[in-house]
Amino acid sequence: MKRILAWGIILLSIQVFSQDLKTIKLKDPDIKRGLPVMEALSKRKSSTDFLDKELEIQDLSDLLWAANGVNRTDGKRTAPSSLNTQDVDIYICFKEGIYLYNAQNKELEPIAKGDYRHLIHGETGPCILILVADKSKYPPSFKKEDILEWNKIDVGIVSQNISVFCAGTGLATRPRAGMDRVELHKILKLKASQHILLNHPVGYPR
């Protein structure tokens with residue numbers, strides 16, 4: 001009887017594990033879409049009045065590529081970074097879990113199962129992009145205060161890419177700094193050298 005019970009527990013564990021998050025393969029970006037850049041800038045505004053609707057996979061793929069995707073064969077990005085350190089990572093919160101954007105492979109890597117959007121203060125959308133900068137991407141000989149400043153600048157550039165993309169494609173977003181950084185640092189499994197700077201809820205406007 002004990003042996004049967006043990007096997008039952010093992011099978012149940014396997015079943016639960018099989019329901020864990022899976023890697024999400026993104027689509028190639030549609031670089032022909034959207035408004036001309038000047039018109040997109042004229043429409044840029046902050047908004048968090050979202051429809052209760054998940055982003056389509058093409059919209060999500062294009063959003064992340066515009067934010068900080070690979071746009072050249074040498075691996076460089078849509079967003080410049082100091083010394084080409086590529087020090088900014090994007091984590092995406094959905095109601096089912098949190099993923100890390102892998103720009104090289106154009107996919108989302110699972111990080112944590114569960115809905116953690118409540119850790120972002122204020123309004124939350126169907127997905128929230130969390131912008132994380134990594135100080136370890138710079139040579140250790142550099143001054144810490146300089147690295148932090150460059151981290152902030154690089155995150156700001158990615159943030160603006162997100163805002164302009166949303167303005168040009170009919171999505172809504174707003175850059176924000178309010179969130180539970182301590183708890184998110186644990187959930188995202190970040191290193192001591194990584195720090196959370198901004199978040200962007202994104203969705204279809206109501």
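What volume does the second largest cavity have? In this predicted model, the second largest cavity has a volume of about 30 Å³. Its lining is formed by Leu26, Lys27, Pro29, Ser61, Trp65, Tyr101 and Lys106. Sorted by class, the residues of this second lining comprise four nonpolar, one polar and two charged.

Overall, two cavities of 30 Å³ or more are found in the structure. For the largest cavity, the computed volume is about 50 Å³. The residues that line the largest cavity are Asn68, Arg77, Ala79, Pro80, Ser81, Gln86, Asp87, Val88, Asp154 and Val158. In terms of class, four residues of this lining are nonpolar, three are polar and three are charged. The lining of the largest cavity thus includes charged residues such as Arg77, Asp87 and Asp154, together with nonpolar residues, among them Ala79 and Pro80.

At the surface, a nonpolar patch is formed by Val37, Met38 and Leu41. Together, these three residues contribute about 320 Å² of accessible area. Within the patch, Met38 belongs to helix 2, which spans residues 37-43. The relative accessible area of Met38 is 64%; Met38 is therefore classed as exposed, since the cut-off for this class is over 50%.

How values were computed:
Residues numbered from 1 in each chain as written. Predicted model: local features only at pLDDT ≥ 70, side-chain atom pairs only at ≥ 80, totals over all residues. Heavy atoms only, no water. Patch = residues over 30% accessible without salt bridge, like charges linked within 9 Å, V, L, I, M, F, W, Y side chains within 5 Å. Areas by Shrake-Rupley, 256 points an atom, 1.4 Å probe, with all protein chains shown as cover. Salt bridge = Lys/Arg side-chain N within 4 Å of Asp/Glu carboxyl O. Helix = DSSP H or I, 4+ residues; strand = E, 2+ residues; numbered from the N terminus. Buried < 20%, exposed > 50% of the residue type's maximum accessible area, 1.4 Å probe, protein only. 1 Å grid on protein atoms, 1.4 Å probe; cavity = no way out; pocket = protein on both sides within 12 Å on 5 of 7 lines; lining within 4 Å. Points joined across faces, edges and corners; volume = space filled by probe spheres on them.
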